[in-house]
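Thanks for coming. I will go through one chain this morning, starting with backbone details and ending with the overall figures.

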Amino acid sequence: MERGEKYTRTGVLLLAVSIAVICIMICGCVEVTPPSGEKNASAYGSVGSSGNLTSGLESKTSTPAPANSSSAPGNVSGSGSSQASGDSSPGINSSQIIPPDVPVVKVTPRSLQGLPNPSETQSYSALNNRTAIGPNAEFVTIYDINHTFSNDAVAYTYTVKNPPLYVDLKIAPEIETHVISYDKRTGDKEGLINVTVNRPPKDAWFEMRVYDLKDGSEVLTEGYGKTYSQSNKTVVLRSSGSYQFDLLGNNVNASVILKVPVSSDALEQYQNVTSLIDTKKQEAGLIPAIYLIPSDLPADWKVSGDITYTASQYQSIFVNPASGYKLEQNIKKYDSTDKALTALADLKKAAASENPAATLIGQGGYQFETVRKTEVAFVQGQYLIELTSFSVPAVSLTDLQRYGVIIVSRVNSSG
């Protein structure tokens, strides 16, 4: 009986070890890139799985998430690597849109030997809500990082509050032109032959390193060139938490696109927010909002015609249909105050026939008033501001001065 019990215990132990090995093999699945052009969530499969990450979730009952509950954005529990299994919490009605608490923030990369310091910190927010993952889910972009690498690095942090977060890597290496010469000794054309070849440089590479900010561990690496395949790819983070994305490379342009699956009823709202983010990013490089807007003027004033809005100029025209007043503002930004003052001197010279007088607004300003035209022009910082009324009757000089003071205040506030 003792020998029988010994064999029985040995068999049970071997069976337990076999089950543990099988579990480890199953849990070690690696995400793969979906078929080119696929946008549906079902296209993102795992090695060793059925290829459908939404399997078994269709039967979940959708219940709205209270804004202050633990299942609201940013409060999803769970930890682990980016290859962990899907969210096990109940499905949430994705039509309930909840603003994010933490945006994507540009930060300093970890110490990378031989790479220069990154540019200044930037921050852009994105709409983030509890997403429903099901057969009708589609992917929407919440942030798009585009950077051309020349042996440098950038880094961003983002809090994944509602996993999963999909990351598309789209790499475009620089192209070099090479002329390859060889001797041809047979055929019609013999002798030295030159062949032009366009190809990426040998040292073109890119790498994304993802760190868990909770413990500093590296949870994911992927890239292009070196030890990585030379192709676009998609990876996924399946656990909530705060992450840092270090992006580094050389001789490549990389687009790192953060995406979340969204049900069709919330898709339009996400698209609207994505457009708003793109607009804010574009406006970040333009003249700041120091200009006059209709609410600065009395009632019944409206914008007339197109607005010129660039990094160096803002121009718009206001009209009052009831009174016939017309007012134009023209703001130009220069590299320095001296250049702005030089341009102001040219304006004053052109207005010499109107006998302009000095104005106390800004620097080096002038003003004049006639029956059909009034004008105030001055420099504030790097800006040349010109306010002109060319109507009958014309806007009074007192009003133009008051509008000029508003602009001065906004220039000073913009820094």
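Asn355 sits in the loop that runs from helix H3 (337-350) to strand E14 (357-358). This is a predicted model, so please hear every value that follows as computed. The phi of Asn355 is positive, about 50 degrees, although the residue is not a glycine. Is Asn355 buried or exposed? It is exposed, with a relative accessible area of 63%, and the cut-off for that word is over 50%.

There is another asparagine to put beside it. Asn151 has phi near 55 degrees, again a positive value in a residue other than glycine. Asn151 is found in strand E3, whereas Asn355 is in a loop. With a relative accessible area of 35%, Asn151 is classed as partly exposed, because that class covers what falls between 20% and 50%.

Next, helix H3, which precedes the Asn355 loop. Leu344 is found in this helix. Its relative accessibility is 3%, so Leu344 counts as buried, the limit being under 20%. What does Leu344 touch, once neighbours within four places in sequence are left aside? The list is Gln363, Gly364, Gly365, Tyr366, Ala377, Phe378, Val379 and Leu384. Take Leu384 from that list: Leu344 and Leu384 are 40 residues apart in sequence, and their C-alpha atoms are 6.8 Å apart in space. Leu384 falls within the range of strand E17 (383-389).

That strand brings me to the cis peptide bonds. After strand E17 comes a loop leading to helix H4 (397-414), and Pro393 lies in that loop. The peptide bond from Val392 to Pro393 is cis, with omega near 0 degrees. Where does Pro164 lie? It is in the loop between strand E3 (138-160) and strand E4 (165-173). Here the bond in question joins two prolines: from Pro163 to Pro164 the peptide is cis, with omega near 10 degrees. Strand E3, which comes before this loop, is also the strand that holds Asn151.

Now the chain as a whole. It has four helices and 17 strands. Of its 415 residues, 38% count as buried. The accessible surface comes to about 22,800 Å², and carbon and sulfur atoms hold 51% of that. As for contacts with a separation of 6 or more, 66% are between residues 24 or more positions apart. The pair Leu344 and Leu384, 40 residues apart, is one example of a contact over such a separation.

That is what I have for today.

Definitions and conventions: Residues are numbered from 1 along each chain as its sequence is written. This is a predicted model: local features need pLDDT of at least 70, side-chain atom pairs count only at pLDDT 80 or more; totals for chains, interfaces and linings use all residues. Side-chain values use heavy atoms; hydrogens and water are left out. Helices (H or I, at least four residues) and strands (E, at least two) are DSSP runs, numbered from the N terminus. Buried means under 20% relative accessible area, exposed over 50%, partly exposed in between (1.4 Å probe, protein chains only). Contact means heavy atoms within 4.5 Å. Accessible areas come from the Shrake-Rupley method with a 1.4 Å probe; for residues, only the protein chains shown count as cover.
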